[in-house]
Amino acid sequence: MKRELTGLSRQYQAALRKHLKRSRRASLRPANGLGRRAMTIGLETLDLARIHQQALIKLVLPGYSPGTRDAMVRRAGIFFAEAITPIEKTHRIARETSAHMDRLNQRLRQHSADLAASNRQLRQEITQRKLAEEALRKSEQHYGQLLEQSRHMQDQLRLLSRQLLSAQEEERKKISRELHDVIAQTLTTINVRLADLKKEAALNTKGLERSIARTQQLVEHSVKIVHRFARELRPTVLDDLGLIPALHTYMKSFREQTGIRVSLSAFAGLEQVNDDKRTVLYRVAQEALSNVARHAQASQAEVKIQKLDGAICMKIKDNGKGFQEERVLLAKKGKRLGLLGMRERLEMVGGDFSVTSTPGNGTTVHAQVPLIDRKRGGGKKLR
């Protein structure tokens, strides 16, 4: 490194001497080339400034009048500004990438805050409904009026829940696309530039090559993290390839993270169902397996999708510890929000949901979706 620094210092002094002897319109390409070489051996702007200062002391200060010296210093400054351009350009790209990441993180935090506010509003609606039901039981005089009010509040709660789930799904899709199309592409561009830099530095020290290789590994690791995050928010394979490949991909990741073995069986005609129903089936399977990982203490699970009696029937079964159904279904706060979310998703597409479990015998989640869209009064039946 010291020998390369000494060599660069000599070359810089020689190039600056030639530049000062030529006309004011002399080419600055030698300065830019020296800047690129300084960057390949790991020098920063301050290091190159020291080399420039040493060259000025040797070339400009001795034997010149003040006026001539000032003019030469100004021309030397132009030469130095061109020499540090490659280094400053690399720093600017890094700063712009960091700023973009900061903006994206800020948007994600804002989305999380919005979702938390919606959840608080949902809890308030649930509390209001319970108060209305209690008043209904205590007051026989206003039974008809309170019953109507309760039904109205239930409809409002159901509408709010469905709107929340729909908005969440759309937001996940938007964030997923942004991560894939913006952040991942930016990181890939950086990696390509590093690869080009590695080729240019083939004649330099091995230490620089190792440093570039480590940097490439970090970028590749970041790309993998971004892709994993995007898949968790909204798996693109669900939109591009279909439900079965999406479930296979999720189960592979699920097993790697939890150690729980998961098997999948499905019929080929499943992919002909519309996007909304495929999304609902995917999210129900995802939530059910997430519950297995959090609560079941299971070693294996099975996802089975069949076509029965004009409907798609999905069953998620585990060999975990199970639970008492009544106790969980009557639980308060967040203990049963996962079950409510699965039920609401299925009801959005005219489906049905149920769960069976007993302590010591595992748990089975049942989800059923009609092949024909009930809301539209008909449709094309899968074959």
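Select Asn32 and Glu82 to begin, because their side chains form a polar contact of 3.1 Å, a pair of N or O atoms within the 3.5 Å cut-off. The model on screen is a predicted one, and each stop below names what to select and what can be found there.

**Stop 1: around Asn32**

Keep Asn32 selected and add Arg36, whose side chain makes a second polar contact with the side chain of Asn32, this one at 2.2 Å. Extending the selection to residues beyond four places away in sequence brings in the contacts of Asn32, which are Glu82, Thr85 and Pro86. Is Asn32 buried or exposed? Its relative accessibility is 16%, and Asn32 therefore counts as buried, the limit for that class being under 20%.

**Stop 2: helix H2**

Now widen the view to residues 29–40, which make up helix H2, the helix that holds Asn32. From the first C-alpha to the last, the 12 residues of H2 reach 17 Å, close to the 16 Å expected at 1.5 Å a residue. Colouring by burial picks out Ala31, Asn32, Leu34, Gly35, Ala38 and Thr40 as the buried residues of H2. Just after H2, select Gly42, where phi is positive at about 90°.

**Stop 3: Arg137 in helix H5**

Move next to helix H5, residues 85–138, and select Arg137 within it. Arg137 has a relative accessible area of 58% and is therefore exposed, since exposed means over 50%. A distance drawn from the C-alpha of Arg137 to that of Leu147 comes to 9.5 Å, for two residues that are 10 apart in sequence.

**Stop 4: helix H9**

Select residues 243–258, which form helix H9. How does the span of H9 compare with what should be expected at 1.5 Å a residue? The 16 residues should span 22 Å, and the end C-alpha atoms are 22 Å apart, which agrees. Within H9, show the side chains of the buried residues, namely Leu243, Ile244, Ala246, Leu247, Tyr250, Met251 and Phe254. Looking down the axis of H9, one finds these buried residues within an arc of 150°, so they line one face of the helix. The general background is that an α-helix has 3.6 residues a turn, so residues three or four places apart point the same way. Rotate to the face of H9 turned away from the buried side, and there select Lys252 and Glu256, both of them exposed.

To see what covers the buried residues of H9, add the elements around them, including helix H8 (236–240), strand E1 (261–265), helix H10 (275–296) and strand E2 (300–308). Following the chain out of H9 leads to Gly259, whose phi is positive, near 80°.

**Stop 5: Ile244**

Return to H9 and select Ile244, which lies in that helix. Which residues does Ile244 touch, once those up to four places away in sequence are not counted? The contacts are Leu264, Ala266, Phe267, Leu270 and Glu271. For Phe267, which is 23 residues from Ile244 along the chain, the separation of the two C-alpha atoms is 9.1 Å.

**Stop 6: the rings of H9 and H10**

A search of the whole structure finds three aromatic pairs. One of them is Tyr250 with Tyr282, an edge-to-face arrangement with 6.1 Å from centre to centre and 70° between the planes. Because Tyr250 lies in helix H9 and Tyr282 in helix H10, this pair ties together parts that are 32 residues apart in sequence. Both tyrosines, Tyr250 and Tyr282, are buried. Add Phe254 to the selection, and the ring pairs link Tyr250, Phe254 and Tyr282 into a cluster.

Stay with helix H10 and select Ser290, which has its place there. Leaving aside neighbours within four places in sequence, Ser290 is in contact with Tyr250 and Phe254. The side chain of Ser290 is also joined to that of Arg294 by a polar contact of 2.5 Å.

**Last stop: the whole chain**

Finally, clear the selection and show the full chain, whose secondary structure comes to 12 helices and five strands. Of its 383 residues, 37% count as buried. Among contacts between residues at least 6 apart in sequence, 72% join residues at least 24 apart. With a surface displayed, the chain exposes about 23700 Å², of which carbon and sulfur atoms supply 51%.

Note on methods:
Residues are numbered from 1 along each chain as its sequence is written. Side-chain values use heavy atoms; hydrogens and water are left out. Helices (H or I, at least four residues) and strands (E, at least two) are DSSP runs, numbered from the N terminus. The expected span of a helix is 1.5 Å times one less than its number of residues. Buried means under 20% relative accessible area, exposed over 50%, partly exposed in between (1.4 Å probe, protein chains only). The arc is that of the directions from the helix axis to the C-beta atoms. Contact means heavy atoms within 4.5 Å. A polar contact is a pair of N or O atoms within 3.5 Å; within protein, one must be able to donate a hydrogen and the other to accept it, and residues adjacent in sequence count only if both atoms are side-chain atoms. Accessible areas come from the Shrake-Rupley method with a 1.4 Å probe; for residues, only the protein chains shown count as cover. Rings of Phe, Tyr and Trp (its six-membered ring) pair if their centres lie within 6.5 Å; planes under 30 degrees apart count as stacked, over 60 as edge-to-face and the rest as tilted.
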